[in-house]
Amino acid sequence: MLKRMITVTWVLVMLTLTGCASSRFAVEQPATTNFGQFDGLQINQFKSNLAAEEPTEIAAGLAGQLKEKLDERAKSDDKQPMFAKVDTAPVETTNPLIADCTLTSYEKGSRAKRYFIGFGAGKAFSTVRCAFIAANSEETISQASFDGELSIGMFGGSVNEASGAMLNSIIEFIEANY
């Protein structure tokens, strides 16, 4: 009985230590071509419209993080790889798709407010706008904005969870248009 109580307590503590991140996307230009027609995905380095140093540094790492998430997805047992090659450099395939993204908003929020107040106080968020471009024709296939936010968590959660949620929403968008 004591062992079970300790296990339940441990699980509850672990659940409260993590933040609660959410994501969503808004389609600005619906896809004119099914993404499944492309055999490669080139993820350009994310740009930043924000002048501050921190968002610029965050943007610099997002392309690599998105590639890592897509690589992890391709290795999972229950998912088929969407593209023959995914890279942050130009891909050498016959019909690549380019993801050209710009960080348009970023707020790291207040970890203390998320921890002590919660319910949206001190919320961390980030937004990127992505254009998906057919490399061969240079035609914009689709455009969308992607949001990630972190609003609550024991110890306030990490602002990286908001960026991770945003990247997950980009992958969901690619899957929905594949």
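Buried here means under 20% relative accessible area; with that in hand, welcome to a few close-ups of this predicted model.

**View 1. The disulfide between Cys101 and Cys130.** A search of the whole structure turns up 1 disulfide. Its partners are Cys101 and Cys130, with sulfur atoms 2.2 Å apart. Cys101 belongs to strand β5 (residues 96–107) and Cys130 to strand β6 (residues 124–134), so this pair links distant parts of the chain, 29 residues apart. For those who like torsions, the angle about the S-S bond is 110°, and the link is right-handed. Cys130 has 0% relative accessibility and therefore counts as buried. Cys101 is buried as well, at 0% relative accessibility.

**View 2. The salt bridge of Glu28 and Arg129.** The structure holds 5 salt bridges, and one of them joins Glu28 to Arg129, whose closest N and O atoms are 2.5 Å apart. Because Glu28 sits in strand β1 (residues 19–29) and Arg129 in strand β6, the pair ties together parts that are 101 residues apart in sequence. Glu28 is partly exposed at 39% relative accessibility, and Arg129 is partly exposed at 39%.

**View 3. The salt bridge of Asp100 and Lys47.** Here the closest N and O atoms of Asp100 and Lys47 are 2.8 Å apart. Asp100 is part of strand β5 and Lys47 part of strand β3 (residues 47–48), so the bridge ties together parts 53 residues apart in sequence. Asp100 counts as partly exposed, with 23% relative accessibility; Lys47 is partly exposed too, with a relative accessible area of 39%.

**View 4. Lys85, Asp87 and the loop with Pro90.** Lys85 and Asp87 bring their side chains together in a salt bridge, 3.7 Å from N to O. Lys85 is partly exposed, at 36% relative accessibility. Look next to the loop between β4 (85–87) and β5, where Pro90 is found. Pro90 is exposed, with a relative accessible area of 58%. The C-alpha atoms of Pro90 and Ile43 are separated by 8.2 Å, though the two residues are 47 residues apart along the chain.

**View 5. Confidence along the chain.** The protein has a mean pLDDT of 83, and 74% of its residues reach 70 or more. Among its elements, strand β2 (residues 40–43) has the highest mean pLDDT, 97, and helix α1 (residues 2–17) the lowest, 54. Over residues 12–18 pLDDT stays under 50, and the model has 7 contacts beyond four places in sequence for this stretch. Where pLDDT is low, the predicted coordinates should not be read in detail.

Technical notes
Residues are numbered from 1 along each chain as its sequence is written. This is a predicted model: local features need pLDDT of at least 70, side-chain atom pairs count only at pLDDT 80 or more; totals for chains, interfaces and linings use all residues. Side-chain values use heavy atoms; hydrogens and water are left out. pLDDT is the predictor's confidence in each residue, from 0 to 100. Helices (H or I, at least four residues) and strands (E, at least two) are DSSP runs, numbered from the N terminus. Contact means heavy atoms within 4.5 Å. A disulfide is a pair of cysteine sulfur atoms within 2.5 Å. Buried means under 20% relative accessible area, exposed over 50%, partly exposed in between (1.4 Å probe, protein chains only). A salt bridge is a side-chain nitrogen of Lys or Arg within 4 Å of a carboxyl oxygen of Asp or Glu.
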